[in-house]
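User: Please choose one part of this model and take me through it closely, in connected prose. I would like each term to come with its cut-offs, and the surroundings of that part to be included.

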Amino acid sequence: RKRRDDDPQDSYGPLTGHQYTALVHIKNDGSPRFTDKRLFQSYVQDVFQFEYHGDDEMGLAEKMIMTAGHQSKGKFAAIEQKVRRQKRKEQEELKKKKEEQAKDQQKSNSNDDKGAVASRTSDDKRAIFLISMGEKAANNTFVERFCWTALNIGKYNGWIVLLTDADQSRYQQQLDENNKFVILHPNLHKNLPKSTFSYAAMNYKQYKTYVLEYMDFDKRFDDVELVYYLDVDIVIGNRMQPLFDNLEEHYQIGKGDSSPRIWMWSGHHKRANIPQGGQMILHRKRSQTCLEEWRSFLMTDFKSLADQDAMKKLLNDKSRKCDFVVMPRDAKYIDFPETSDVAPRGKQL
């Protein structure tokens, strides 16, 4: 009889070999007889590594012991080794089964990805629109980086439309690798935006207000309903489909009435109430008025250094027709790192 320190009641603990011979009665047929079920349970669990779960399994445990017929320590060790071998075998089979399940799951995930891509192959309701203008833009690799991350990390399989004044050969590799990559030249538009801004970059930024008009120049985009304008220096870090699904469902994008509307993200700190000009969602039938109103305010101040300044004036104009839906920045889906919060971000990392 053993008393366990962690048990306030007087109870039996696991038995060792020599305790077994002292605490059980050997019947005439050579099998052990236990007069106490708790003692029997402790013995079975300790020696045979058998998880005892009540009277219904007691007979099974008794059969194990009786079959062994162990009356000596030698037979004790033999049956114990046999049980341990069986346990190792079961553990190996369980490990093998888990490995096979993991492979099956990986294969299933891969098929899901392929299925998702395949399902979007014929779904042309979305397009991503990029602008890369000027000699400096042509000499960097922002377009290549965006396309690579969108396709390989974002698993994006829709249209990528690039408006650029560079020669088509500059992005020939993207054309060869992706049959849904399309290059549009600014000269397609009969009324080209004029280079009238003192800030050179603004002469290119004003093209953002012409996005939907350029989309109309190519029949391949006739089925596109939503255009995601994204700055070309953006990097995709995860699958894009969940982002599309979440935004379009949460904000009911493209649903409801037909009033002029555009969806944009909130800006940085001091400009939190002014939408970001580098990311926006446009509806082919509802957002054109918004772009035209924005453009009209851009063209009234050629000394402005930011398209957001024109946006701010437009937002304060009570006569505007466009409804600007400003979506909060949600780090789960989209984030905008900036120099002013480098230190706090560093501490978080």
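Analyst: Ala-127 stands opposite Val-227 in S6, and this position belongs to the pairing of S3 with S6, which run in the parallel sense over four bridges. Two strands count as paired if DSSP finds at least two bridges between them, and the elements themselves are DSSP runs numbered from the N terminus, with helices (H or I) of at least four residues and strands (E) of at least two. The model is a predicted one, in which local features need pLDDT of at least 70 and side-chain atom pairs count only at pLDDT 80 or more, whereas totals for chains, interfaces and linings use all residues. Residues are numbered from 1 along each chain as its sequence is written, and side-chain values use heavy atoms, with hydrogens and water left out.

S6 is also joined to S8, by five bridges, and these two strands run antiparallel; here Tyr-228 stands opposite Ile-281 in S8. Strands of a sheet pair through backbone hydrogen bonds, and they can do so in either a parallel or an antiparallel way. S6 is mostly covered, five of its five residues being buried, where buried means under 20% relative accessible area, exposed means over 50% and partly exposed lies in between (1.4 Å probe, protein chains only). Leu-226, Tyr-228 and Leu-230 point one way from the strand, while Val-227 and Tyr-229 point the other way.

S6 sits in an open sheet of seven strands with mixed pairing, whose order is S5-S4-S3-S6-S8-S7-S9. At the edges stand S5 (181–184) and S9 (323–327), each with a single partner strand, so one side of each has no neighbour in the sheet. Neighbouring strands are turned against each other by 25 degrees on average, direction ignored. Towards the S9 edge, S7 and S9 pair in the parallel sense over five bridges, and Met-264 stands opposite Val-326 in S9. Helix H6 (residues 142–152) packs on the sheet, touching S3, S4 (159–164), S5 and S6 (226–230), with a direction that makes about 160 degrees with that of S3. Contact means heavy atoms within 4.5 Å, and axes are lines fitted to C-alpha atoms (for helices over the stretch in contact), with angles running from 0 to 180 degrees between N-to-C directions.

The start of S3 also carries charged contacts. A salt bridge is a side-chain nitrogen of Lys or Arg within 4 Å of a carboxyl oxygen of Asp or Glu, and a search of the whole structure finds twelve of them. In one of these, the side chains of Lys-125 and Glu-248 meet at 3.6 Å, N to O. Lys-125 lies in the loop between helix H4 (73–121) and strand S3 (126–132), and Glu-248 in helix H10 (residues 241–250), so the pair ties together parts that are 123 residues apart in sequence. Lys-125 is partly exposed, with a relative accessible area of 26%, whereas Glu-248 counts as buried at 7%.

Arg-126 forms a salt bridge with Asp-245, the closest N and O atoms being 3.8 Å apart. This pair links distant parts of the chain, with Asp-245 in helix H10 and Arg-126 in strand S3, 119 residues apart. Arg-126 is buried at 9% relative accessible area, while Asp-245 is partly exposed at 39%. Lys-125, Arg-126, Asp-245 and Glu-248 are linked in a network of salt bridges.

On the S8 side, the side chains of Arg-286 and Asp-257 meet in a salt bridge of 3.3 Å, N to O. Arg-286 lies in the loop between strand S8 (275–283) and helix H11 (288–298), and Asp-257 in the loop between H10 and strand S7 (261–266), 29 residues apart. Arg-286 is buried, with a relative accessible area of 4%, whereas Asp-257 is partly exposed at 46%.

The chain then enters H11, whose buried residues, including Leu-291 and Trp-294, pack against helix H8 (202–205), helix H9 (211–215), S7, S8 and H12. H11 and helix H12 (residues 307–315) pack at an angle of about 110 degrees, with their axes 9 Å apart. That makes H11 roughly perpendicular to H12, a term used for 65 to 115 degrees, with under 35 counting as roughly parallel, over 145 as roughly antiparallel and the rest as oblique. In this packing, Glu-293, Trp-294, Phe-297 and Leu-298 of H11 meet Asp-307, Ala-310, Met-311, Lys-313 and Leu-314 of H12.
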